[in-house]
Amino acid sequence: MYYLDPKVETLYRIFDQNARKDYIRLDLNENPGGLPQDFINKVLSSVDGCFVSQYPETLQFTEKLAGFLCTDISHICLVNGSAEGIRYIIQAFTSPGGRVVGVVPSYFMFQVYSEMYGREFVKVPYNEDLSMDVNNIIDALTDDTQLLILLNPNNPMGNVYSDAEFETILAAARKHEITVLVDEAYHYFYPKTFIKYALEQEHVFITRTFSKLFSMAGCRLGYVIGWPDGVKMVQKMCTPHNTNAFAMAFAEAIIDSPEVLQTLIDKFNEGRSYIIETLDANGYEHKGEAGNFIFIRVKTNADTIVARMKAEYKILIKSYEGIGNFGTCLRVSIGAKEYMQKFTEALFEIDK
């Protein structure tokens, strides 16, 4: 007989089908400028018919990535974007009806995957001043909690955890025998990392992506880091050849080209400094200590600004509601200075 899983039928999803070509894209935390074209051309120059026709082989790139991370391949599982790794960790390390604890707002797929597989997603909200009290996270942990999800930095809030805060949370998780997943998608915009815990201890995972600073969102490549036995369980969930050859070729070339990575970092830092200084000079409150995004409390109406930015200036941004004492505000991806100039000039024209 025909069957449809009711958890899928009732699952709430939003699908973005916008045509974004020819817009300045500051809505999805991408690099609006992308990788340098000469770098793109250099990587593609090695592509031939066999490269395209053959199934991708992962060993060479995994070894390259392991060297880059100062570890070995037993600690790494390649995935098709870090979202795939997150999905498999939830599937493998929680049970139907099991508790998954996470802060909100955050990357929505944590909740989606939890609900998709019949888990109970327990939300730990931010304070009105947009701060996160780690004691609120610890208070949500119970003996029947199976997974705690943290983000460092958090999308979209931009907050981070100190070493002391993380170790306090980790100790509480160990007391209740809870696996901990730390998503570090925005690691290179905030270089502090908790990777050592995933490499040295059991029941700690780190997920990362090449979509953000590495500017490869169109290629879909990420990885899971953890203790070897845990990584094996994630690998069991993966489909054959789940990462594509183009993604690994570009990622390996970036790792082998530190000057390209440094240029990306320098351009981002210049753009971030510019937008913060410009917003401060014009009396705007903003939030986002880390990550490649920023919340902006506007003077008029955030939804109107989003619509006018798109229609009149061909700039894509997002509005978020219920962001503590910011109310409904803008979230803007941070990119090179030239894009931040265009955004702020448009903002000051509209928001008055």
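Visitor: Which residues are buried in α11?
Guide: In this predicted model, the buried ones in α11 are Ala245, Ala247, Met248, Phe250, Ala251, Glu252, Ala253, Ile254 and Ile255. Helix α11 covers residues 245–255, and nine of its 11 residues are buried, so "mostly covered" is a fair label given the under 20% cut-off on relative accessible area.

Visitor: OK, and what do the buried residues of α11 pack against?
Guide: A mix of elements: α2 (37–44), α3 (49–53), α4, the strand β2 (76–79) and α12 (258–281).

Visitor: What caps the N-terminal end of α11?
Guide: Asparagine 244 does that job. One of its side-chain oxygens sits 3.0 Å from the backbone nitrogen of phenylalanine 246.

Visitor: Back to Glu252. Which side chain makes a polar contact with the side chain of glutamate 252?
Guide: Glutamine 60's, at 3.1 Å. Glutamine 60 belongs to helix α4, residues 59–68.

Visitor: Is glutamine 60 buried or exposed?
Guide: Exposed: the relative accessible area of glutamine 60 is 55%, and the cut-off for exposed is over 50%. Glutamate 252, its contact partner, is on the list of buried residues in α11.

Visitor: How far apart are glutamine 60 and methionine 248?
Guide: Depends on how you count. Along the sequence they're 188 residues apart, but C-alpha to C-alpha the gap in space is 9.3 Å.

Visitor: Switching topic: helix pairs. At what angle do α5 and α6 cross?
Guide: Roughly 40°, with the axes of α5 (residues 82–93) and α6 (residues 109–116) coming within 10 Å. That makes the pair oblique, because the angle falls outside the parallel, antiparallel and perpendicular ranges. The crossing of α5 and α6 is right-handed.

Visitor: Which residues make the contact?
Guide: From α5, it's Ala83, Ile86, Arg87 and Ile90; from α6, it's Phe110, Tyr113, Ser114 and Met116. Sorted by class, the α5 and α6 contact has six nonpolar residues, one polar and one charged.

Visitor: And how does α5 pack with α10?
Guide: At an angle of about 105°, with the axes 9 Å apart; α10 is residues 228–237. So α5 counts as roughly perpendicular to α10, since that label runs from 65 to 115 degrees.

Visitor: Which residues of α5 and α10 make that contact?
Guide: On the α5 side you've got Tyr88, Ile89, Gln91, Ala92 and Phe93, and α10 brings Gly230, Met233, Val234 and Met237.

Visitor: How many of the residues in the contact of α5 with α10 are charged?
Guide: None. The split is seven nonpolar and two polar, while the contact of α5 with α6 includes one charged residue.

Conventions. Residues are numbered from 1 along each chain as its sequence is written. This is a predicted model: local features need pLDDT of at least 70, side-chain atom pairs count only at pLDDT 80 or more; totals for chains, interfaces and linings use all residues. Side-chain values use heavy atoms; hydrogens and water are left out. Helices (H or I, at least four residues) and strands (E, at least two) are DSSP runs, numbered from the N terminus. Buried means under 20% relative accessible area, exposed over 50%, partly exposed in between (1.4 Å probe, protein chains only). A polar contact is a pair of N or O atoms within 3.5 Å; within protein, one must be able to donate a hydrogen and the other to accept it, and residues adjacent in sequence count only if both atoms are side-chain atoms. Axes are lines fitted to C-alpha atoms, for helices over the stretch in contact, and angles run from 0 to 180 degrees between N-to-C directions. Angles under 35 degrees count as roughly parallel, over 145 as roughly antiparallel, 65 to 115 as roughly perpendicular and the rest as oblique. A crossing is left-handed if the near helix is turned anticlockwise from the far one by less than a right angle, and right-handed if clockwise. Contact means heavy atoms within 4.5 Å. Ala, Val, Leu, Ile, Met, Phe, Trp, Tyr, Cys and Pro count as nonpolar, Asp, Glu, Lys and Arg as charged, and the others, Gly among them, as polar.
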